[in-house]
Amino acid sequence: MLAGPWASQILGDLGAEVIKVEQPDSGDDTRAWGPPFLADGDAGPDERFSAYFLGCNRNKRSIAVDIANPKGAALIRALAKDSDVVLENFRVGALERYGLDYASLATINPALVYCSITGFGQSGPLASRPGYDFVVQGMGGLMSITGQPEGTPGAEPMKVGVAVSDIFTGLYATISILAALRHRDATGEGQHLDCALLDTQVAVLANQAMNWLVGGMVPKPMGNLHPNVVPYRTFPTRDGHAIVATGNDRQFHALCRLLGLEQMTTDPRFLDNASRVAYRAEVEKPLGDAIAGWATADFIAAMAEAGVPGGPINRIDQVFEQPQIAARGLVQEMRLPSGTSFRAVGFPVKLSATPATYRAPPPALGAQTGEVLQTLLNLSETEVSELRAAGVVGG
């Protein structure tokens with residue numbers, strides 16, 4: 001529900017022409033995933049935009065087509081014939097019955113890059129199952145290492161607060177699409193990209209996966225502690241909490257000097273990171289005692305001055321109050337056709353020659369159906385009207 005739209009929004013931000021194909025009656029399910037909702041001027045309740053939908057569907061044109069109708073499927077095949085990429089997030093095999101699977105479309109467009117996003121991939125014993133981010137965070141191990149340590153207050157399986165399995169899959173899909181287009185440009189050959197939420201979630205276990213594969217360590221939830229680096233955690237302050245993230249010995253020594261704990265820099269138990277991991281409690285206890293007397297803002301400022309990485313724990317509203325976020329242009333204002341404006345998080349990478357653009361707000365369901373069919377398939381206005389009357393298309 002998010003991985004596909006996330007990937008196509010990235011491509012749209014970078015300049016691609018993206019056509020979003022939706023079912024005529026209800027469209028993308030996430031249109032209804034609210035509150036909150038943003039009304040398009042005086043639009044009725046069925047034309048509201050959920051904040052969720054607004055977050056992943058800009059720079060797209062929406063066409064409402066019933067692909068279960070043979071005439072509707074024929075329209076999509078006609079569009080695919082001259083497209084660079086088809087991105088789909090249906091269950092495995094669902095599009096074959098409509099002649100919209102890779103094998104079918106590759107016969108009419110051998111250069112097509114066809115990207116499938118599913119929960120568990122096109123093969124394997126779980127291929128037929130539907131997949132959602134929450135399920136995959138559990139199955140892919142992420143929830144087993146997230147949250148408070150076992151046996152402490154509040155300890156229970158905990159998902160991450162954002163659908164990261166979806167988002168990471170969208171990112172991997174985008175990377176793979178761009179790589180496949182480079183191959184297509186060099187050879188003229190298209191290909192099928194098989195992206196799965198579970199595969200991606202396992203891949204982004206990163207060091208935690210390697211702790212098991214190399215060291216035989218089964219990672220467990222550690223709250224805000226790091227399994228491989230010490231000190232790298234939150235510490236209570238006089239009025240809240242602060243993050244301390246020392247990544248090397250130099251930073252650790254700077255932290256000790258800042259806190260008046262110079263003796264720790266020569267203690268043989270703490271000379272390097274591996275030793276500090278072995279003596280975690282002995283390292284963190286005196287650091288915690290010293291940090292507890294600081295006000296959060298003062299401690300963070302002192303760490304910055306001393307070259308020690310650290311920072312606050314911001315609420316979402318505080319995130320967008322930071323001058324750094326404004327300086328980076330991360331918040332973009334967009335406007336719906338009615339004139340209703342809203343703010344959105346922009347593309348995070350600054351490309352010096354081809355920066356991301358914000359050409360169009362997320363579309364109303366089927367808003368560009370007639371435009372796309374007339375300009376790309378050369379259908380007449382009468383033909384489009386007849387398709388609407390027959391229920392083949394909406395919008």
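In the predicted model, the largest nonpolar core consists of 22 residues. Within this core, L75 and L373 have the most contacts. Three elements, α3 (70–81), α15 (369–376) and α16 (381–389), each give two or more residues to the core. Helix α3 provides the largest share, with five residues. Over the chain as a whole, which has 395 residues, buried residues make up 41%. The secondary structure comprises 16 helices and 12 strands, and the C-alpha trace spans about 85 × 50 × 45 Å along its principal axes.

The second largest pocket was also examined. Its volume is about 1100 Å³. The lining of this pocket is made up of 35 residues, of which W6, G55, F320, A344 and V345 are the closest to the pocket centre. Several elements contribute to the lining: α1 (3–13), β2, α2, α6 (164–187), α13 (316–319) and β12 (341–345) supply at least two residues each. When the lining residues of the second largest pocket are sorted by class, 27 are nonpolar, five are polar and three are charged.

Four aromatic pairs are present in the structure. One of them is formed by W33 and Y52, whose ring centres are 5.0 Å apart; the planes of the two rings stand at 80 degrees, so the pair is classed as edge-to-face. An angle over 60 degrees is what this class requires. W33 belongs to the loop between β1 (18–22) and β2 (37–38), whereas Y52 belongs to helix α2 (residues 51–54); the pair therefore ties together parts that are 19 residues apart in sequence. Both partners are partly exposed: the relative accessible area is 36% for W33 and 29% for Y52.

The loop that holds W33 also contains P35 and P36. Two cis peptide bonds occur in succession here. One joins G34 and P35, with omega at about 5 degrees, and another joins P35 and P36, again with omega at about 5 degrees. Most peptide bonds are trans, and most residues other than glycine have a negative phi.

Positive phi values were found at two residues that are not glycine, A206 and N378. For A206 the angle is near 50 degrees. This residue is part of helix α8 (residues 206–215) and is partly exposed, having a relative accessible area of 42%. For N378 phi is about 60 degrees. N378 is placed in the loop between α15 and α16, the two helices named above as contributors to the largest nonpolar core. N378 itself counts as exposed, because its relative accessibility of 64% lies over the 50% cut-off.

Two contacts between a charged side chain and an aromatic ring were identified. The charged end of R233 is positioned over the ring of F235, at 4.4 Å from the ring centre. In the other case, the charged end of K159 is positioned over the ring of F134, at 6.0 Å from the ring centre. F235 is part of strand β8 (residues 232–236). With a relative accessibility of 1%, F235 counts as buried, because the cut-off for this class is under 20%. The C-alpha atoms of F235 and L287 are 8.6 Å apart in space, while the two residues are separated by 52 residues in sequence.

A353 lies in the loop between β12 and α15. The elements at either end of this loop appear in the descriptions above, since β12 supplies at least two residues to the lining of the second largest pocket and α15 gives two or more residues to the largest nonpolar core. A353 has a relative accessibility of 69% and so counts as exposed. From A353 to F37 the separation is 316 residues in sequence and 35 Å in space, taken from C-alpha to C-alpha.

Terms used: Residues numbered from 1 in each chain as written. Predicted model: local features only at pLDDT ≥ 70, side-chain atom pairs only at ≥ 80, totals over all residues. Heavy atoms only, no water. Phe/Tyr/Trp six-rings, centres within 6.5 Å; stacked < 30°, edge-to-face > 60°. Helix = DSSP H or I, 4+ residues; strand = E, 2+ residues; numbered from the N terminus. Buried < 20%, exposed > 50% of the residue type's maximum accessible area, 1.4 Å probe, protein only. Lys NZ or Arg CZ within 6 Å of the ring centre and 35° of its normal. 1 Å grid on protein atoms, 1.4 Å probe; cavity = no way out; pocket = protein on both sides within 12 Å on 5 of 7 lines; lining within 4 Å. Points joined across faces, edges and corners; volume = space filled by probe spheres on them. Nonpolar A, V, L, I, M, F, W, Y, C, P; charged D, E, K, R; others polar. Core = buried A, V, L, I, M, F, W, Y, C linked by side-chain atoms within 4.5 Å.
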